[in-house]
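Student: Could we go through this structure together? I should like to begin with how residues are classed.

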Amino acid sequence: MSCRVRFAPSPTGFLHIGGARTALFNWLYARHMGGCFVLRIEDTDAARSTQEAVDVITEGLRWLGLDWDEGPVSGDATQGSKGGHGPYFQSQRQAIYQRRARELIDKGLAYEQDGVVRFRMEREPVVIDDLVVGEVRRELTDREAVDPNFVIVRSDGQPVFHLVNVVDDLEMGITHVIRGEDHLSNTPKHIALFRAFGVSPPAYAHIPLILNSNGTKMSKRDTGASLSSYIEAGYAPEGIVNYLSLLGWSPKDDREVLSTEEIIRLFDLPQIHRHNARFDVNKLHWINYEHIRTMPQARFNELARPHLLESGIDPSRFSDDYISAALATCKEKIKVFSELPGFADFYFTETVHYDAEAAQKQLTESNLPRLRRLREAMTELPEFNAEAIQQTFKSLAKELGVKVGVLVHPVRLACTGKTVGPSLYHLMEVLGRERVLHRLEQAIAVIEKSCPTG
RNA sequence: GACCCUAUCGUCUAGUGGUUGAGGACACCGCUCUUUCAAGGCGGUAACACGGGUUCGAAUCCCGUUAGGGUCGCCA
């Protein structure tokens, strides 16, 4: 039988990075095995569930590239779903839970008391045969020794997590439950419930948790706990997927930078670790850069676009060729896309705003003749390309008896307003002769104004 | 308080009784390259939590201690 796994988040308004990793591991397993990945929305708490909150989940998964075979089409519960095991919103499955609770009462395995329905939990220790953790024999806690039974339907008629989770996994034919290790202690309850319904429980794989860099539990409030913070920071989906896959799993061959296709091929449950992993944003940064610098230019442009728009740059005002050429000079320089606007805005603005400190240092009287001479040389260049520009800088530096850097710094400032940026010669080629000459003249004018004697 | 899981460089990890004076990556520190900033190249610092066993031999197996994490809800 083909495997069926699921990701069952509750719509809290954001997607936890640990939740995203759980979704990823489920998805990887499904894709590796050729199985089915189900998305189920655990919105039993109707008050907390809004369409926006569900959209955060579906959009987060889509951004990561984790497509689901069954589940809601969108965050709008009325918009339908795909797959033959729906509905995939728990809020629409109330009748099923009531029927199942009734079944347990009828079998004498649950009973009503004080308006709630309680499940008769067995008193014996439960053995969990976990695919990751191994065989775990769970003894009763002191409270459970007093009363092992637990509530499955609240006094207001709403079913609780343990019931709905098991009923849905049962009815949806889930074969492997891959979830955070925080659920390991709940698993005896779930196993007992499956048995009460007369079926074998699914296989369990409890994956280690992601901790903060200081080793503490990552809670909702912690910075970096939300997937959206990484989307906004401009990480590439393939970088996040790669990094997340390495948290608690290893290909065991010393490779770190892997494409999603490779991870799918190599991924399997036995290679998952038992111990928690701390989130190391440095390594994420590095892996992300490795993906960014090697991705096709078209993919780079695609990921860059929202960040340009975000910063007020409208790419539609420029030709595709110009944008692509401009972005190509940034491709091996930036590590996250949020750096892009600050790095390359000069390509898309008419006026250049000089960095004040650099202007004081570079727009000086002694640089005035050099800039004049450069402007002249740039005007005369037969071909305005990076190689020719570089040659001109070199020969001019020699002629003037200065290092190339002496020319490079003021010209970079004139063209970009900054002290850092893409390769100067390439950036000048992309800008084009007309813009470069204009910006050189601007810089010259600034110096002339402040140094009348020049 | 009870129960469960875990323990190799700062971090992520390789390692499943001997080929390991413990390998890789990130980070860090040098050097180098260089039109800025990065990147790249070369080199370096850095770990088997502790204590008992088992064994000819233990990072690897067992027990304990300590530490970290998790669970014990009419939250999910």
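Tutor: Ala, Val, Leu, Ile, Met, Phe, Trp, Tyr, Cys and Pro count as nonpolar, Asp, Glu, Lys and Arg as charged, and the others, Gly among them, as polar. Please keep in mind that this is a predicted model.

Student: How do the residues of the surface near RNA strand B divide?

Tutor: That surface has 21 charged residues, 19 polar and 19 nonpolar.

Student: Which residues come nearest to the RNA?

Tutor: Of the 59 residues around RNA strand B, the nearest are Arg 154, Lys 217, Lys 252, Lys 333 and Gly 421.

Student: And what part of the RNA is near the protein, in terms of sugar, phosphate and bases?

Tutor: Sugar or phosphate accounts for 70% of the atoms of RNA strand B within 4 Å of the protein, and bases supply the rest.

Student: Which phosphate oxygen distances can you give me?

Tutor: A phosphate oxygen of RNA strand B is 2.9 Å from a side-chain N or O atom of His 273. A polar backbone atom of Arg 278 is 3.0 Å from a phosphate oxygen of the strand.

Student: Which elements give two or more residues to that surface?

Tutor: They are strands E8 (134–138) and E13 (277–278), together with helices H4 (142–146), H5 (161–171), H10 (281–294), H17 (404–416) and H18 (424–431). The largest share, 4 residues, comes from H10.

Student: What about a sugar contact?

Tutor: The side chain of Glu 181 has an N or O atom 2.9 Å from a sugar or linking oxygen of RNA strand B.

Student: Back to Lys 252. Where does it lie?

Tutor: Lys 252 is in the loop between helix H8 (237–245) and helix H9 (260–266). Its phi is near 65°, a positive value in a residue other than glycine.

Student: Is Lys 252 buried or exposed, and why?

Tutor: Lys 252 counts as exposed because its relative accessibility is 57%, and the cut-off for exposed is over 50%.

Student: What is phi for Asp 254?

Tutor: Asp 254 also has a positive phi, near 70°, and is not a glycine. This residue lies in the loop between H8 and H9, and is exposed with a relative accessible area of 75%.

Student: Changing topic, what does Arg 21 touch?

Tutor: Leaving aside residues up to four places away in sequence, Arg 21 touches Ile 207, Pro 208, Leu 209, Ile 210, Leu 244, Leu 247 and Gly 248. Arg 21 lies in helix H1 (residues 17–33).

Student: Which side chain of opposite charge is nearest to Arg 21?

Tutor: That is Asp 182, 8.4 Å away; Arg 21 is buried yet has no salt bridge.

How values were computed
Residues are numbered from 1 along each chain as its sequence is written. Chains are lettered from A and ligands numbered from 1 in the order in which they are written. This is a predicted model: local features need pLDDT of at least 70, side-chain atom pairs count only at pLDDT 80 or more; totals for chains, interfaces and linings use all residues. Side-chain values use heavy atoms; hydrogens and water are left out. Buried means under 20% relative accessible area, exposed over 50%, partly exposed in between (1.4 Å probe, protein chains only). Lys and Arg count as positive and Asp and Glu as negative; His and the chain ends are not counted. A salt bridge is a side-chain nitrogen of Lys or Arg within 4 Å of a carboxyl oxygen of Asp or Glu. Contact means heavy atoms within 4.5 Å. A residue is near a molecule or strand if one of its heavy atoms lies within 4 Å of it. A polar contact is a pair of N or O atoms within 3.5 Å; within protein, one must be able to donate a hydrogen and the other to accept it, and residues adjacent in sequence count only if both atoms are side-chain atoms.
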